[in-house]
2 protein chains.
Amino acid sequence: MRKNKKDRPWIKKIGLEITTPSLKDNTADVDRLIKGIKKELSTEDIRIEFSMVRQIPSLLREYNYRAEAVVFEDRNCWHVIEIFPFEKSSDVYALGVDLGTSTMVLRLMNLTTLETIDEASFRNPQNKLGDDILTLIHIAAQEDGLSKLQGLLIQKINEEIGALAKKHGIGKNSVVGMCVAGNTTMTHLFLGLDPYWICREPYIPVINKPAIMISGEIGLAMSPRAPILIFPNVGSYFGGDLIAGILYSGMMQQKDVSFLVDVGTNAEVVIGNRDWLMACAGAAGPALEGGVAGMGMMAGPGVIDRVTIDSETLETKIRTIENISPVGICGSGLIDLVAQLFLSGMIDLRGKYVEARCRDRLQDSGGIKHLIVVSSEDSGTGKPLTLSQPDIDSLMRSKAAMYTILTTISNTVNIPMKEISRFYIAGTFGSYLQPHSAIAIGMIPDLPLDTYVSLGNSSLKGASKALLSARARDDIFRIRDRITYLELNVNQEFMNLFSAAKFIPHTDISLFPSVKAGLS
Amino acid sequence: MRKNKKDRPWIKKIGLEITTPSLKDNTADVDRLIKGIKKELSTEDIRIEFSMVRQIPSLLREYNYRAEAVVFEDRNCWHVIEIFPFEKSSDVYALGVDLGTSTMVLRLMNLTTLETIDEASFRNPQNKLGDDILTLIHIAAQEDGLSKLQGLLIQKINEEIGALAKKHGIGKNSVVGMCVAGNTTMTHLFLGLDPYWICREPYIPVINKPAIMISGEIGLAMSPRAPILIFPNVGSYFGGDLIAGILYSGMMQQKDVSFLVDVGTNAEVVIGNRDWLMACAGAAGPALEGGVAGMGMMAGPGVIDRVTIDSETLETKIRTIENISPVGICGSGLIDLVAQLFLSGMIDLRGKYVEARCRDRLQDSGGIKHLIVVSSEDSGTGKPLTLSQPDIDSLMRSKAAMYTILTTISNTVNIPMKEISRFYIAGTFGSYLQPHSAIAIGMIPDLPLDTYVSLGNSSLKGASKALLSARARDDIFRIRDRITYLELNVNQEFMNLFSAAKFIPHTDISLFPSVKAGLS
């Protein structure tokens, strides 16, 4: 995984020198073409799909034996994707795909200039049937369910490819490659593989490392011989989206040890460097994704992503995405809010409301305390936005789970937190998270703020990276094979760590010196 | 091409040790299967067709993770054909195919015991549309012509496979491989490739060396992932049937130099040994195939294959195939007849009837002399079987062409005829040919009779050999690449040789000492 190996593209267009037929050179058309490609690539192993063999005599004659080939390499063998006329052919393109359970993104890239041309983001079309992984797995087990789910997905992706291609004036056959990163279930649904056993003990996927396929096998609206690289998974609960994140972070090329976390319904955590990688996944609670709190929402327009509370006046200032009237709060906004509540003394170290501080902003509804965060006048919904005690309790469990998972895995590899050189945070959650707030509530370790690096959509970025570089493409499988997966045992030791982490920031305040300093 | 490389099968069934899934080993089903295969084959490169990936979880569970795999090797990579339950699976089978323009033969072999189980011989179903190569090429160029020709062929082959399988109680999925040898045009029609340019200058096939395909790509009624090996061709007029003949003869493993001839509408000739091979093809005339002489026929029941004429009494004895009343004569019978006519003085050294010897057996019909070979009473057709002067003239041209081609190619490589250690004769023609008669008329060189070896259906035998042995399979491509193809120039030198060979046995009788001795 070191950088010393020279990088090169694995999908490319090459100009060909093809001799014209004569009585002295009666080599067959296909063999003549292969000879031209071998000469250009200096390789012996060239393969042409049989579906293309039939077309070659007429194509070569149409092009007057002056042609370019688009080819891809897989396991030291080059495969022909398209044959275009020499000098008249346009650039060729490929797609990086983030196959999220809720949101999907296509990134269109020009393989000739290596530029990103455009992106399209859209909701998973399967969500009309079910919007969480377990529901989708359940639907797949029904009659025709699997093919229906796959059909919805492929149809939608094809529509989006078609729209992108039309917008940029790109012919279907000029889209010559795709890399897809997604969790294990979404990857299975994309391929039409039954995810039935993924959620059933002992949690066995159909496949960990799909071979490179060609688009015609899946029915994608691009060159029918375009390679489709599906990111491998480590298991049912550690998918290709994480491998893409590791690839994009570059942590497996660094001498120092890094953390990478991806927070969703589960929290997936990776620790390691260029020599080793260990991963685990655990339920960090949906509070962090905005799924539980009464006003919790996915990040989007009008969603609160920043909160500050003046510790003297308790005046609360909020910032929303796109600066419109607030309608809810996302996971990172919630962390900001709870951190500010703690720092202003409105909640105590157990995360309980301090009535003496909150006073009339605290309301009782059916015996449950709610804090009015945004009044009905200021709210974008016409109703006050409130945070209940159970909402805070839920976040406390989530943050404690996250810190416990981080502690457990660093204990397992015997690397003290302070030796972590980089702490990568993937996804939308990472984009909006304020590390100092997450530290303040004791969710993440008290490391220098510049240790924390937000990766953005690292699934998409990793998938796109793998399209352009053979080394990155191969690194995916090296990463996958190098990962040691740590099965989290919820044993007494874990529960002890968890209980200790259910305080703000922690029962052992010495672990959070910067928070301690701010409080004193 | 030496025999020192250890041989091994390239299609085989292997027992697998597959671990069962557990929480401690959550490897995906497909990767688990691949792991089992890798262990058994000691190889890294295993591929499973995507069509099979979907079935693996249910198959492995049905078999309780105790399975056998049928696999084939291609370019150092092993492909999975079928997965069967361990210990309950039956033997596996494969088919050698001779794809003749007129007659086709399937040979069913047991890959477990290596035994030949059965053969099926049938007429090319395309012959209902056209029965020679040029007509078939013409039909292929018509609308839907190519797919119609391919459809007829595949349907007929599928019927024959079905009948063989039924007869021997073999399941469709237990037929796991096929090797096909045929001339370049028939190979193209089998694959649905347009033969249009094969008969047009500069005579360019679509493909010389088809990659190994899988049966599903052609729609064959066997395991859909069974490998289909198509013998390569050297060019439009030197096809895979000849490569199969060379393979079966073993001439490319011998230190001494051999000839191989295959006589049909064209005569194809190969000369060489383990270090080099040279080939050429030329029009030897259809007389040898039984197509021209008035009573000429393909070998079959009632066809004269042997003739002796008492040189004193001129009494003519004939032998027919299956010993029934004569209805015609095949190429080798014709050679016997003309040799006997010459040795008994009924024709002279120019091949002209000697009226003084033939007397009343010679009839004149429209100024053309006919010899009554079989009277109407003895004939199976109710009419006399006769041989006309033009029939003999035609054979004289064919035999002269054959001898000239042999002389030209041996002159080109500078190997005197007497250094030829083996003279292989392929096909039905070779099976019935009496070498001493062919020598007597000067068609083939005057070598010791044990030099001549009849190969029988070497196309079928070569195809079958390649099914069972990776070395033989690889030898095919070595043979193909090693052949130097000699374009016959019909120049003055060729015409001089040809003119000299248009005598019986030759103008230079010293070339045929055994014939000279018999005459004196």
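## Thr320 of chain A

Thr320(A) sits in strand β15 of chain A, which spans residues 316-320. The model is predicted. Thr320(A) has a relative accessible area of 7%. Buried means under 20%, so Thr320(A) counts as buried.

The side chain of Thr320(A) reaches a backbone oxygen, that of Ile324(A), at 2.6 Å. Neighbours within four places in sequence aside, Thr320(A) contacts Gly302(A), Val303(A), Ile304(A), Asp305(A) and Pro326(A).

## Helix α14 of chain B

Helix α14 of chain B covers residues 458-468. Eight of its eleven residues are buried, so the helix is largely enclosed by the rest of the structure.

The buried set opens with Ser458(B), Ser459(B) and Leu460(B). Gly462(B), Ala463(B) and Ser464(B) are also buried. Ala466(B) and Leu467(B) complete the list.

## The interface of chains A and B

Chain A puts 37 residues in contact with 37 residues of chain B. The size of an interface is often given as the accessible area lost when the parts come together. Here the two chains bury about 3400 Å² between them. Carbon and sulfur atoms account for 56% of that area.

Polar links also cross the interface. The count of salt bridges between chain A and chain B is two. One of them joins Arg75(B) to Asp45(A), with the closest N and O atoms 3.1 Å apart. With both residues at pLDDT 80 or more, 18 residue pairs are in polar contact across the interface.

## The chain A side

Four elements of chain A each give two or more residues to the side that touches chain B. They are α1 (29-41), β2 (46-47), α2 (50-53) and α3 (56-62). The largest share, four residues, comes from α1(A).

By residue class, this side of chain A holds 18 nonpolar residues. Another twelve are charged, and seven are polar.

## Symmetry of the pair

How is chain A laid on chain B? A turn of 180 degrees does it, with a shift of 0.0 Å along the axis. The RMSD is 0.1 Å. The two copies are thus related as by a two-fold rotation axis.

The same surface serves both copies. Of the contact residues of chain A, 100% recur in chain B.

Key:
Residues are numbered from 1 along each chain as its sequence is written. Chains are lettered from A and ligands numbered from 1 in the order in which they are written. This is a predicted model: local features need pLDDT of at least 70, side-chain atom pairs count only at pLDDT 80 or more; totals for chains, interfaces and linings use all residues. Side-chain values use heavy atoms; hydrogens and water are left out. Contact means heavy atoms within 4.5 Å. Buried area is the accessible area (1.4 Å probe) that two parts lose on being put together, summed over both. A salt bridge is a side-chain nitrogen of Lys or Arg within 4 Å of a carboxyl oxygen of Asp or Glu. A polar contact is a pair of N or O atoms within 3.5 Å; within protein, one must be able to donate a hydrogen and the other to accept it, and residues adjacent in sequence count only if both atoms are side-chain atoms. Ala, Val, Leu, Ile, Met, Phe, Trp, Tyr, Cys and Pro count as nonpolar, Asp, Glu, Lys and Arg as charged, and the others, Gly among them, as polar. Copies are superposed by least squares on the C-alpha atoms of residues with pLDDT of at least 70 in both. Buried means under 20% relative accessible area, exposed over 50%, partly exposed in between (1.4 Å probe, protein chains only).
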